[in-house]
Amino acid sequence: MFHTLDSFDTEFSADSIEWCPSNFHKNVFVCGTYQLIQNEEPVVDVEKSTRIGRIYMFKVDHNGRLTLLQDLDVTAVLDMKWAHVCQNRILLGVVNSLGYLQIYQMKNNKESEYLELLTGKKVAGDKEILALSLDWCSGRWTHDNESNLSIVVSDSKGSITLFDINEDELIYINSWYAHKFEAWITAFDYWDTNVIYSGGDDCKFKKFDIRIERCPVAINKAHDAGVTSLHSNAMREFLLASGSYDESLRLWDTRNLNSPISKIDLGGGVWRLKWDPFARKYLLAACMYGGFRIVNCEKPESPLVIGEYNEHDSLAYGCDWSLLNSVEIGEQILKKKAEGVYLVSTCSFYDHLLKLSAVCLKEN
């Protein structure tokens with residue numbers, strides 16, 4: 001099912017992969033890294049250590065090989081997301097270990113793409129805070145422009161912060177305490193962007209309505225460990241996926257968060273979940289100690305693991321699907337007719353390894 005096309009050593013520990021959603025740059029993706037440098041061994045005090053990182057931007061060429069477009073030395077990256085809407089400009093949100101949300105813009109110089117820092121803002125005044133995850137409100141690609149784009153960020157102190165972006169400026173909207181420990185993940189409901197979900201190391205999964213001051217409208221305690229991943233389905237209203245350190249994927253009907261529609265063991269702590277960009281019936285899961293999995297969720301009440309990828313030798317952390325379709329992948333990369341083929345990239349932590357793969361999900 002998985003056919004590895006190329007690999008790359010990221011040098012620092014790799015933890016985030018995101019493919020560009022722009023129709024003109026569907027063969028471009030970024031990878032974020034995180035490295036903890038100790039100033040005085042064996043001291044592990046955070047203030048006596050430095051978290052560094054790097055953002056790589058790649059293009060997949062017509063031979064299915066990775067071409068490095070740019071590498072940026074930055075503060076350690078915890079999460080990245082492209083804005084789904086790309087009418088006026090292509091924006092990448094990045095959260096880092098100094099507690100900042102930063103917005104990069106993709107630009108072109110002599111036919112080569114590159115990232116340029118546009119703006120940034122710290123999510124809170126605490127100097128020890130880490131910004132852990134982010135999501136844009138535009139997951140259904142229904143916004144006409146970027147003037148009404150919002151971004152939500154979670155942090156290591158358990159809080160959630162909401163921003164709007166106005167031209168070149170991030171506008172602070174609100175912040176609220178959501179979890180007792182780290183808020184590992186936050187995500188918009190793409191069908192109602194007044195609704196924000198969060199998951200924390202306190203094993204709780206919460207639903208917030210930003211029109212109701214800071215109070216969760218639902219709290220679920222079904223997870224047996226920290227909640228690490230949430231992703232709203234942009235084609236199936238009310239369907240939400242959650243992942244946890246407890247090694248399980250849960251699918252939810254957001255109208256009833258008392259109990260999940262289904263639960264399936266994926267054999268490793270579920271760090272990231274990504275719906276496929278077409279039918280949104282497949283989930284690509286980074287399962288830490290369990291490698292990578294593809295789950296068919298066409299029937300949410302009975303999800304089924306249909307593919308495994310175990311060519312990484314360390315924590316499976318980052319994964320994403322390309323928006324190139326089967327015809328484009330066949331013509332541009334595989335040089336043959338292709339059906340049911342997807343292009344995915346995956347990365348792992350301590351072995352600092354990135355892989356590009358073609359995945360065949362053709363159904364008989």
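Cys319 stands opposite Thr346 in strand S27. This pair belongs to a predicted model, and the account below proceeds from the sheet around the pair to a second group of strands and then to the chain as a whole.

**The sheet with S26 and S27**

Strand S26 and strand S27 (residues 341-348) run antiparallel and are joined by five bridges. Both are part of an open sheet of four strands, whose order is S1-S28-S27-S26 and whose pairing is antiparallel. Strand S1 (2-9) and strand S26 (316-321) form the edges, each pairing on one side only. From one strand to the next the twist averages 20°. Helix H1 (residues 326-334) packs on this sheet and touches S1, S27 and strand S28 (353-360). The direction of helix H1 makes about 75° with that of S27.

**Strand S19 and its partners**

Strand S19 (residues 239-244) is mostly covered, with six of its six residues buried. In a regular strand, side chains alternate between the two faces of the sheet. In S19, Leu239, Ala241 and Gly243 point one way, whereas Leu240, Ser242 and Ser244 point the other way, and all are buried.

Strand S19 pairs in the antiparallel sense with strand S18 (residues 227-232) and with strand S20 (residues 248-253). The table sets out the two pairings.

| Strands | Bridges | Opposed residues | Residues between the strands | Residue with positive phi |
|---|---|---|---|---|
| S18 and S19 | five | Leu230 and Ser242 | six | Phe238, near 80° |
| S19 and S20 | five | Ala241 and Leu251 | three | Glu247, near 80° |

Ser242 of S19 is thus the bridge partner of Leu230, while Ala241 stands opposite Leu251 in S20. These two residues of S19 point opposite ways from the strand. Each pairing is a hairpin: Phe238 takes its positive phi in the hairpin of S18 and S19, and Glu247 does so in that of S19 and S20.

**The chain as a whole**

The protein chain has one helix and 28 strands. A compact globule of 364 residues would have a radius of gyration near 21 Å, and because the chain has 19 Å, the value agrees with that expectation. The C-alpha trace spans about 55 × 50 × 45 Å along its principal axes.

Of the 364 residues, 60% count as buried. Among contacts between residues at least 6 apart in sequence, 52% join residues at least 24 apart. The accessible surface of the protein chain comes to about 15000 Å², and carbon and sulfur atoms account for 46% of that surface.

Definitions and conventions: Residues are numbered from 1 along each chain as its sequence is written. This is a predicted model: local features need pLDDT of at least 70, side-chain atom pairs count only at pLDDT 80 or more; totals for chains, interfaces and linings use all residues. Side-chain values use heavy atoms; hydrogens and water are left out. Two strands pair if DSSP finds at least two bridges between them. Axes are lines fitted to C-alpha atoms, for helices over the stretch in contact, and angles run from 0 to 180 degrees between N-to-C directions. Contact means heavy atoms within 4.5 Å. Buried means under 20% relative accessible area, exposed over 50%, partly exposed in between (1.4 Å probe, protein chains only). The radius of gyration is taken over C-alpha atoms; the globule rule is 2.2 Å times the number of residues to the power 0.38. Accessible areas come from the Shrake-Rupley method with a 1.4 Å probe; for residues, only the protein chains shown count as cover.
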